[in-house]
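Subject: A structure for you to look at

Hello,

Here is the structure I promised to pass on. Have a look first, and my notes follow below.

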Amino acid sequence: MSIHVKFFASMRDLMGDDRDIDAAVVEQQEISTVDDIWNYCAEGKKRSDNVLVAVNMDYVDGQTLVKEGDEVAFFPPVTGG
Amino acid sequence: MKIVIDSTSFDPWRVLDDYQKNMSDLDGQYGATAVFIGTMRDFNEGDDVSEMFLEHYPGMTERHLENICLQATGEYQLIESLVVHRVGAIKPNDPIVLVAVWTAHRKQAFEACREIMEDLKSKAPFWKKEQIAGGEDRWVEKNTKGY
């Protein structure tokens with residue numbers, strides 16, 4: 001199953017990902033959660049409790065299951081306005 | 001209802017004037033307009049800030065702002081609403097955000113304008129990276145408690 005993963009702002013820096021906003025397509029086993037996706041991508045880096053997660057642009061928690069083609073995004077607390 | 005993510009500088013008063021002029025079919029229906037404009041400061045957490053970069057999540061940011069305005073429209077009987085937010089490189093004194101709402105009475109206008117702003121500040125996916133005078137840059141980790 002292919003999942004599109006994006007990191008924004010300081011999360012992108014944490015990942016050492018300089019490929020701009022669009023990040024990787026990762027191959028995962030058929031049953032995976034958001035936490036599994038993080039663990040696959042982060043190579044041991046800890047995810048702070050305040051990191052926010054969205055699947056297909058809706059906020060979710062780490063236990064949310066992902067499916068083929070989903071877009072998973074990790075980002076720090078928002079600071080707009 | 002209109003949501004704009006703008007990568008170029010905007011004049012909020014002109015945008016507001018143009019938007020309201022295009023609402024002439026609503027003349028006579030609204031009795032209150034509440035407006036909030038957020039502007040970039042040249043200081044944060046005790047440091048001088050010379051420049052800032054605003055990042056967003058294309059697609060999710062627009063959708064989230066639309067949802068905030070739709071929710072406020074139902075809750076406060078908004079007749080019209082407008083949100084404009086800058087992204088990209090900005091300088092002190094540049095406008096960052098404009099929120100405007102039109103309602104029949106002032107209570108709904110004040111409350112809806114505030115609620116949209118507070119939701120935007122706490123949930124809409126934008127991130128600021130500020131350039132400290134002297135060279136260093138840093139991500140803003142959290143918004144200043146401003147209310």
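Let me begin with a small detail: just after H2(B), Gln77(B) takes a positive phi of about 50°. Helices (H or I, at least four residues) and strands (E, at least two) are DSSP runs here, numbered from the N terminus.

Some background before going on. This is a predicted model, in which local features need pLDDT of at least 70 and side-chain atom pairs count only at pLDDT 80 or more, while totals for chains, interfaces and linings use all residues. Residues are numbered from 1 along each chain as its sequence is written, and chains are lettered from A and ligands numbered from 1 in the order in which they are written.

Back to helix H2 of chain B, residues 60-76. Its 17 residues should span 24 Å at 1.5 Å a residue (times one less than the number of residues), and its end C-alpha atoms are 24 Å apart, which agrees. Buried residues of H2(B) include Leu65(B), Ile68(B) and Tyr76(B); buried means that 20 or more other C-beta atoms, placed from the backbone, lie within 10 Å of a residue's own. The buried residues of H2(B) cover an arc of only 165° around the axis (taken from the directions from the axis to the C-beta atoms), which puts them on the same side of the helix.

Chain A has two helices and seven strands, running β-α-β-β-α-β-β-β-β from the N terminus. Of its 81 residues, 27% count as buried.

An open sheet in chain A has five strands in the order E2-E1-E7-E4-E5, with mixed pairing; strands pair if DSSP finds at least two bridges between them. E2 and E5 of chain A stand at the edges with a single partner strand each, so one side of each is left without a neighbour in the sheet.

Now for the pairs themselves. E1(A) pairs with E2(A) in the antiparallel sense over three bridges, and Ile3(A) has Val26(A) as its bridge partner there. With E7(A), E1(A) pairs in the parallel sense over four bridges, where Phe7(A) stands opposite Phe74(A). Phe74(A) is also the bridge partner of Val53(A), and E4(A) pairs with E7(A) in the antiparallel sense over four bridges.

Finally, the two chains meet: 13 residues of chain A are in contact with 24 residues of chain B, contact meaning C-beta atoms, placed from the backbone, within 7 Å.

Enjoy exploring!

Best wishes

Key. A residue is buried if 20 or more other C-beta atoms lie within 10 Å of its own, exposed if 12 or fewer, and partly exposed in between; C-beta atoms are placed from the backbone.
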